[in-house]
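Okay, thanks for making room for me this morning. I'll put the structure up and then talk you through the sheet and the aromatic rings.

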Amino acid sequence: MFVFGFLSLSIFLVAILNQDLTLGYGVQILTILTAFLISQKIDFKLFVLYFEKILYFLCYVSLVMFVLLVLFPFLVNFLPTFQNSVGVSFINVFVFAKIVELNRNSGIFREPGVFMIYINIGILIQLFFHPKIETKKIAIYIITLMTTLSTAGFLVFFLILMKFIFRNNTVGAFIKKVFYVSIAFLLVSPFLYLLLSSFDKLGDSDNASMLSRVASVIVPIRMSYDSNFLGVGLTKFSVYFRSISREIYSFEIESEGNSTNTTLNLLATYGILYCFLFLRGIFLFSRQISKGIIGSLLVLLIFILMLGNEDMRYSLLILSIMFYGYNSSKSLKFDIDENKVYH
């Protein structure tokens with residue numbers, strides 16, 4: 001309750017001090033309240049049950065639709081399309097949406113980078129919370145992740161695999177995990193050429209996606225430093241992002257669509273204490289995955305890398321995970337008896 005109160009009070013004070021009473025603050029507080037109530041009223045194991053059911057369905061449908069559109073591109077002409085607020089055209093079949101001009105799988109989400117976050121969290125749950133891995137689910141998750149062509153998604157998935165392989169010291173457990181990884185490699189091998197192509201932008205300083213990723217780190221840090229690590233608020237964030245990017249790069253970069261780092265956006269918008277409480281909740285959740293300090297920090301790094309790819313400040317899933325971290329007086333993991341019920 002203290003964390004919810006402090007976060008809400010921080011948002012309110014930032015709005016007052018910056019004389020910036022926009023609707024976005026109310027939406028943020030309402031989202032935090034909803035996430036807090038979810039963590040208080042819904043047992044984490046039940047939360048996971050429904051999350052996985054929905055995620056598996058979305059992955060399965062998106063994978064089928066994505067393959068169909070790759071094999072039969074003329075189908076685009078027969079499917080309904082719509083444009084979002086910035087004029088990007090999407091194919092819309094309600095449980096699947098695809099950017100018309102982008103041959104990547106984004107599921108129902110605004111971008112493939114958002115989809116990869118949900119998929120990698122699903123993989124984390126399968127590998128570290130369940131006592132028994134469901135091969136069918138993990139296979140669908142991995143194959144769907146490959147079709148997102150998300151560079152950050154692949155890097156995060158690699159770290160998850162390394163954490164999974166080396167978390168136990170027993171020879172039998174190690175061999176079993178190597179076997180699972182080998183099966184996963186065989187499943188994704190047809191997509192390896194897609195994976196390799198997604199890394200081309202890393203060495204290209206003129207790549208727009210690469211530039212936005214760099215700016216989303218440098219600009220919010222500079223913004224926060226200039227404001228003595230106090231929150232600048234929602235409106236000034238957009239204004240300062242343009243002015244600071246113009247000072248650094250000699251041209252303006254809009255924060256919308258380019259400021260993709262959740263953690264640093266929180267730091268610049270709401271201040272260092274808000275950001276600290278957010279990261280502490282994610283870290284406490286990470287400790288449920290790995291009890292050792294090094295292992296917990298690695299899982300925290302995995303979350304930071306995921307959240308560095310997209311702005312997830314208003315994500316119910318991420319905020320619920322943060323509150324479940326603070327609400328972790330009892331183990332969040334499934335035991336053997338629960339596994340019989342939930343599978």
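Before I point at anything, one bit of bookkeeping: I say two strands pair if DSSP finds at least two bridges between them. With that in hand, look at β1, residues 81-83, and β2, residues 89-92: these pair antiparallel, over three bridges. And yes, this is a predicted model, so keep that in mind throughout.

Inside that first pairing, Phe82 sits opposite Phe90 of β2. On to the next strand, β3, residues 97-99: β2 pairs with β3 over three bridges, again in the antiparallel sense. Here Phe90 faces Ile99 of β3, and Ile91 is across from Lys98. The link between β2 and β3 is a hairpin with four residues in between, and Phe94 in that turn has a positive phi, about 70°.

So what order do the strands take in the sheet? It runs β1-β2-β3, an open sheet of three strands with antiparallel pairing. β1 and β3 are at the edges with a single partner strand each, so each has one side without a neighbour in the sheet. Going from one strand to the next, the twist averages 30°.

Zooming out for a second: besides the three strands, the chain has 15 helices. There are 343 residues, and 50% of them count as buried. For contacts with a separation of 6 or more, 70% are between residues 24 or more positions apart. The accessible surface is about 16900 Å², with 67% of that on carbon and sulfur atoms.

Now the rings. How many aromatic pairs does the structure hold? The count is 21. One of them is Phe72 with Phe74, edge-to-face, at 6.1 Å centre to centre and 70° between the planes. Phe72 has 37% relative accessibility, so Phe72 counts as partly exposed, and Phe74 is partly exposed too, at 48%. Then there's Tyr249 with Phe251: their centres are 6.3 Å apart and the planes are at 40°, which makes this pair tilted. Phe251 is partly exposed as well, with a relative accessible area of 40%.

Ring pairs also join up into a cluster, made of Phe44, Phe47, Phe129, Phe285, Phe303 and Tyr324.

Last one, for those of you who like cations and rings: Arg313 lies over the face of Phe237, 5.6 Å from the ring centre. That's my tour, happy to rotate things if anybody wants another look.

Technical notes:
Residues are numbered from 1 along each chain as its sequence is written. This is a predicted model: local features need pLDDT of at least 70, side-chain atom pairs count only at pLDDT 80 or more; totals for chains, interfaces and linings use all residues. Side-chain values use heavy atoms; hydrogens and water are left out. Helices (H or I, at least four residues) and strands (E, at least two) are DSSP runs, numbered from the N terminus. Buried means under 20% relative accessible area, exposed over 50%, partly exposed in between (1.4 Å probe, protein chains only). Contact means heavy atoms within 4.5 Å. Accessible areas come from the Shrake-Rupley method with a 1.4 Å probe; for residues, only the protein chains shown count as cover. Axes are lines fitted to C-alpha atoms, for helices over the stretch in contact, and angles run from 0 to 180 degrees between N-to-C directions. Rings of Phe, Tyr and Trp (its six-membered ring) pair if their centres lie within 6.5 Å; planes under 30 degrees apart count as stacked, over 60 as edge-to-face and the rest as tilted. A charge sits over a ring if NZ of Lys or CZ of Arg is within 6 Å of the ring centre and within 35 degrees of the ring normal.
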